[in-house]
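User: Could you take a close look at one part of this model for me? I would like to understand how the two chains meet, and which pieces of each one are involved.

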Amino acid sequence: MARQIEEILKSATIRDLRLESGEAVSRSTSLGEVCEILDRRRFNAVAVCDDRRVVGIFTQRDLLFRVALERVDPDTPIGELMTPEPLTIELHQPLREAVRAMTERGFRNLPLVDSEGRWVGMVSSRNVLRYIAEHFPEAVLNLPPRLHQQLARPEGG
Amino acid sequence: MRCPFCGNDNIPGVELCESCGSELAGLDIPEADSGFAGRLMSDSLGDLELTPKAEVAPDATAAEAIERMRRERHGCVQVVDDGRLVGIFTERDVLARLVRTGLDPSTTPVSQVMTPGPTTLTSHDPPAFAIHRMVSQGFRHLPIVDGGELRGSISVRNLLRYIHSEILGASAG
């Protein structure tokens with residue numbers, strides 16, 4: 001018998017999510033390069049790392065609030081525009097902790113780090129929603145456009 | 001359980017109907033659409049906390065739309081022409097159609113950089129539809145339109161809030 005979605009969600013950990021690899025840049029990466037990455041890979045955020053440690057995050061929201069009207073020079077280092085010291089998450093943590101951070105604190109992206117604090121990827125609110133969708137009944141998966149087909153596609157959506 | 005063939009109410013767990021002898025084993029397993037999975041299909045988006053509508057006119061500048069998004073802390077505004085939804089302008093549009101192209105937000109009309117003809121849902125649609133659209137097509141925001149009238153929009157965050165409060169919230173454990 002298939003387990004109920006409630007049980008699955010309550011017991012899931014970050015490890016159970018099918019994560020995108022994400023992308024990390026350094027503080028000196030230019031705003032223009034970061035925007036190119038966000039656009040081409042359809043990411044909502046990049047992690048900013050210094051020697052593989054996460055020191056910041058730059059998201060589409062940062063772009064909206066700090067760049068869109070100010071017409072910031074695309075050569076500006078992202079280290080000057082990022083949100084420093086973001087909340088991070090590890091593979092063994094429960095999914096519900098990520099959902100809580102996303103709903104109560106409004107973070108849509110949580111850099112994923114290993115036990116030594118090194119960056120390994122990104123957990124997005126869309127990853128979480130997709131995990132929930134993957135446990136839907138067949139009736140929902142068969143709605144057009146076919147979710148199975150979309151899910152089978154390579155990352156990037 | 002009630003026999004689906006003759007209607008006799010049997011004690012739970014019996015393998016054969018005590019009245020007509022029909023095979024009952026396996027029939028009392030909960031269906032996939034029970035519990036929260038069922039509610040994802042039977043609840044209505046109108047019952048969820050939606051993001052209030054934030055309308056701008058097509059000839060408003062992109063800068064005015066961005067100021068509105070900042071002020072209301074929304075990732076999306078709806079572009080409405082004469083009472084009709086003609087597009088949405090999202091953070092993704094800010095990135096791809098404005099910042100990346102170098103257009104001047106103070107002189108560019110929002111209609112030039114919006115996503116025209118967005119996919120919409122109604123407040124009677126179930127949450128599963130919204131989740132499905134967002135996952136399969138990559139939308140973060142879906143306007144909710146009832147009979148031509150814009151009601152608001154549903155975001156990834158609204159849906160996660162619903163899931164959090166219904167499953168993972170106070171009753172978690």
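Analyst: Happy to! Please keep in mind that this is a predicted model. Let's begin with the chain that supplies one side of the contact. Read from the N terminus, the elements of chain A follow the order α-β-α-β-β-α-β-α-β-β-α-α-α. That makes 7 helices and 6 strands for chain A. The chain has 157 residues, and 39% of them count as buried. As for how chain A is connected within itself, take the contacts between residues at least 6 apart in sequence: 60% of these join residues at least 24 apart.

Now the partner. Chain B has 6 helices and 7 strands, and from its N terminus they are arranged as α-β-β-α-β-β-α-α-β-α-β-β-α. Of its 173 residues, 37% are buried. Here 54% of the contacts between residues at least 6 apart in sequence link residues at least 24 apart.

With both chains introduced, we can turn to where they touch. Chain A brings 39 residues to the contact and chain B brings 37. On the chain A side, the elements that each give two or more residues are α1 (5-11), α2 (31-40), α3 (60-67), α4 (95-104), α5 (125-134) and α7 (147-152). The biggest giver on that side is α5(A), with 7 residues. By class, the chain A side that touches chain B consists of 24 nonpolar, 6 polar and 9 charged residues.

Since α5(A) gives the most, it deserves the closest look. Its counterpart here is helix α5 of chain B, residues 127-137, and the two axes come within 9 Å of each other. They cross at roughly 120 degrees. An angle of 65 to 115 degrees would count as roughly perpendicular and one over 145 as roughly antiparallel, so α5(A) and α5(B) are oblique to each other. The crossing of α5(A) with α5(B) is left-handed.

Which residues make this helix pair touch? From α5(A) come A:L129, A:R130, A:I132 and A:A133, and from α5(B) come B:I131, B:H132, B:M134 and B:V135. Sorted by class, the residues in this contact are 6 nonpolar, 1 polar and 1 charged. The charged one is A:R130 and the polar one is B:H132. If you have the structure open, these residues of α5(A) and α5(B) are a good place to start looking at how the helices meet.

Key. Residues are numbered from 1 along each chain as its sequence is written. Chains are lettered from A and ligands numbered from 1 in the order in which they are written. This is a predicted model: local features need pLDDT of at least 70, side-chain atom pairs count only at pLDDT 80 or more; totals for chains, interfaces and linings use all residues. Two residues are in contact if their C-beta atoms, placed from the backbone, lie within 7 Å. Helices (H or I, at least four residues) and strands (E, at least two) are DSSP runs, numbered from the N terminus. A residue is buried if 20 or more other C-beta atoms lie within 10 Å of its own, exposed if 12 or fewer, and partly exposed in between; C-beta atoms are placed from the backbone. Axes are lines fitted to C-alpha atoms, for helices over the stretch in contact, and angles run from 0 to 180 degrees between N-to-C directions. Angles under 35 degrees count as roughly parallel, over 145 as roughly antiparallel, 65 to 115 as roughly perpendicular and the rest as oblique. A crossing is left-handed if the near helix is turned anticlockwise from the far one by less than a right angle, and right-handed if clockwise.
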